[in-house]
Protein chains: 2
Amino acid sequence: MPEKKPRTARQAAPTSVDVARRAGVSQAAVSYVLNGVQRTHVSQEVQAKIWQAAQELGYSIHPSARALRKGQSDEICLIADVPVSAHLFELFAAIQQQTFSYNLAPVLYVSHGLPPQQVEELLRRIFARRPMGIIATARSMTEQQVARARQMGVEQVVLVSAEPATYTSCIVLPSYEAGTLAAQHLLERGHHHLGLVHPDDAAAAYGFQQRLEGMRAIISQTPGATLQILPMHLSLSGARALIETYLDGPGHPTAIYAYNDDYALPLLRALADRKFRVPEDIAVLGTDNVSFGEFIQPALTTIHADNQAIGQRAIEMLLALRSGQAIPAELTRPLQPRLLIREST
Amino acid sequence: MPEKKPRTARQAAPTSVDVARRAGVSQAAVSYVLNGVQRTHVSQEVQAKIWQAAQELGYSIHPSARALRKGQSDEICLIADVPVSAHLFELFAAIQQQTFSYNLAPVLYVSHGLPPQQVEELLRRIFARRPMGIIATARSMTEQQVARARQMGVEQVVLVSAEPATYTSCIVLPSYEAGTLAAQHLLERGHHHLGLVHPDDAAAAYGFQQRLEGMRAIISQTPGATLQILPMHLSLSGARALIETYLDGPGHPTAIYAYNDDYALPLLRALADRKFRVPEDIAVLGTDNVSFGEFIQPALTTIHADNQAIGQRAIEMLLALRSGQAIPAELTRPLQPRLLIREST
DNA sequence: CTGAAAGCGCTTACAG
DNA sequence: CTGAAAGCGCTTACAG
């Protein structure tokens with residue numbers, strides 16, 4: 001028993017040395033067994049003794065000590081450069097669940113709204129933590145920043161992106177397909193004049209261009225169909241301005257792809273205020289399937305990818321990358337968006 | 001320059017030894033200066049040299065190394081035992097902003113919905129990380145668990161709670177006051193028969209009892225006023241069941257305190273489906289001021305505390321506790337809820 | 001005022 | 001198959 005150790009902290013927590021002593025083995029054996037290292041063969045009997053000792057002492061590994069030794073922590077950093085949204089949170093919760101059994105610690109960072117200099121500082125701090133991997137939205141990390149991460153020893157960077165990148169692995173959520181899906185659905189509902197909301201916040205507008213192209217591809221095959229871009233600020237007054245500017249006069253759009261659910265919400269409200277009936281006068285379509293969508297009136301038709309699936313892919317990709325394996329093809333295949341028809345279209 | 005060091009990782013990142021060498025001082029001096037330790041006086045000139053060397057090398061401290069040495073990490077763990085909600089996310093973002101300048105790393109854990117055994121395991125892992133502090137909702141940590149945290153070396157635990165606890169510091173968000181505020185407002189609007197939604201999910205119902213008592217205190221002073229408890233499951237069908245069971249027949253409630261915004265939303269939708277007009281037939285009041293509240297129709301009247309204020313308090317409290325100071329009285333004073341009147345009442 | 005040295009709790013190459 | 005030892009990058013008591 002330690003007697004004159006000048007303990008710096010209160011430290012009641014047992015260490016691997018304590019476990020080793022109790023099991024009557026070396027510290028190395030404890031490490032091998034608890035980490036399931038195959039290279040070294042330890043007898044079944046000894047393994048059982050070690051597990052039991054760990055259990056009895058209530059031993060938990062000290063993540064900092066391990067991280068220091070291995071040169072890599074058990075953290076997975078999630079970096080989001082999008083406004084706080086219900087969708088993002090749901091995605092985070094999904095990832096947290098997925099990682100639990102892998103003993104990984106997901107940490108969320110929201111870089112949206114920070115001045116560029118603070119973003120740089122934030123990234124520097126994140127890299128310095130030497131996370132096992134980084135999962136980031138494509139906008140939140142430039143190619144240069146990904147390179148800098150690698151240089152600082154963070155090799156695994158997975159981007160959630162509208163299209164594949166050359167410089168790192170991506171989970172592809174194709175906004176182009178969302179655009180075609182939206183246009184097809186709205187045309188099928190009998191509309192000819194479509195609109196696409198363009199967020200006036202550049203950070204929030206990620207994937208707009210792809211949506212636009214997807215819609216155009218469908219429109220161009222449909223005689224008489226038109227498409228109009230509708231700039232909008234994310235607020236009630238922004239939605240009102242959109243209505244006054246673009247939903248008046250002959251040939252105005254009668255069906256709007258609202259970019260995502262966050263934009264659909266104030267738009268729906270402003271439309272109701274102006275006595276537009278939804279979907280009879282104007283159809284509205286969102287993206288992300290945010291949790292409140294089913295409760296509002298009219299319930300919001302939306303396009304979405306499965307959050308659980310995104311989370312699972314991200315983790316599997318990180319794990320494959322870490323073990324140096326090639327990434328299975330099914331993980332790089334784009335995750336097709338699905339249409340969820342409710343009442344607003 | 002290191003030549004035969006058997007580097008385990010790629011490690012391009014500079015260490016404090018590198019900084020010391022470049023500045024021509026000892027490693028200790030670097031540590032003292034970069035951490036702003038006052039105890040040891042280092043000349044202005046040397047300080048400048050150290051800062052410059054750190055800057056030039058792009059030095060960032062290795063958090064794991066420091067944590068291992070200090071017996072405490074720079075993490076602040078936030079533990080939430082509530083369903084994923086926009087409100088929680090907004091609070092998290094506020095805390096993240098607050099902590100940036102203190103070089104603290106907030107980490108969010110959602111324990112809602114996990115089986116008890118997994119919660120225990122999660123807490124064990126959180127404690128083992130030796131965070132600088134824990135900020136938790138009152139339901140997510142029992143007194144016993146707070147004690148266990150202390151025993152594992154995590155001394156600072158701040159609870160966000162409806163009432164002060166004897167065993168640790170609290171940020172008090174008095175649900176009792178929310179109840180009185182709700183009852184007063186609804187009575188002023190001319191209602192006499194009030195209802196209070198009771199979430200059927202025990203974890204979600206935190207603070208229900210206090211709301212109830214607050215409402216009763218007001219009701220009891222008002223001749224002819226009644227109050228009914230309305231059990232509800234968080235879903236559209238749950239809201240429908242509530243309406244069918246409790247909003248029929250003479251003397252039924254005409255004004256409902258929906259527990260919080262999450263419950264108010266499906267309730268509003270179900271009321272609309274049943275052709276109740278809000279607020280004319282039934283008034284509905286929420287809590288939390290979730291971001292979508294202002295966009296729905298009718299816009300949701302709600303009761304809330306300032307997220308920024310909660311985040312700031314939590315951090316200040318943690319910082320005061322760490323430095324061993326007494327907590328300033330203004331931090332322990334309950335954070336009074338405010339009424340935000342919109343259209344649903 | 002500055003510097004050399006110990007030690008936090010792990011993992012892993014290496015010797016037995 | 002098992003164990004002793006080095007070392008990851010810091011902080012801090014202590015000696016000069």
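Helices (H or I, at least four residues) are DSSP runs, numbered from the N terminus. This is a predicted model, in which local features need pLDDT of at least 70, side-chain atom pairs count only at pLDDT 80 or more, and totals for chains, interfaces and linings use all residues. Residues are numbered from 1 along each chain as its sequence is written, and chains are lettered from A in the order in which they are written.

Reader: Which helices each supply at least two residues of the surface near DNA strand D?
Author: A residue is near a strand if one of its heavy atoms lies within 4 Å of it. Chain B contributes α2 (27-34) and α4 (63-70). Chain A contributes α4 (63-70).

Reader: How many charged residues does the surface near DNA strand D have?
Author: Asp, Glu, Lys and Arg count as charged. The surface near DNA strand D also has 10 nonpolar and 11 polar residues. Its charged residues number 6.

Reader: Which residue has a polar backbone atom 3.2 Å from a base nitrogen of DNA strand D?
Author: A polar contact is a pair of N or O atoms within 3.5 Å. Phosphate oxygens of DNA strand D lie 3.1 Å from a backbone N or O atom of A:Ser26 and 2.9 Å from a polar side-chain atom of B:Tyr59. The base nitrogen is paired with B:Ala65.

Reader: How far apart do the C-alpha centres of domain 1 and domain 2 of chain A lie?
Author: Domain bounds come from an automatic or database domain assignment. Domain 1 covers 16-61, and domain 2 covers 72-173 + 308-335. Their C-alpha centres are separated by 33 Å.

Technical notes. Side-chain values use heavy atoms; hydrogens and water are left out. A polar contact is a pair of N or O atoms within 3.5 Å; within protein, one must be able to donate a hydrogen and the other to accept it, and residues adjacent in sequence count only if both atoms are side-chain atoms.
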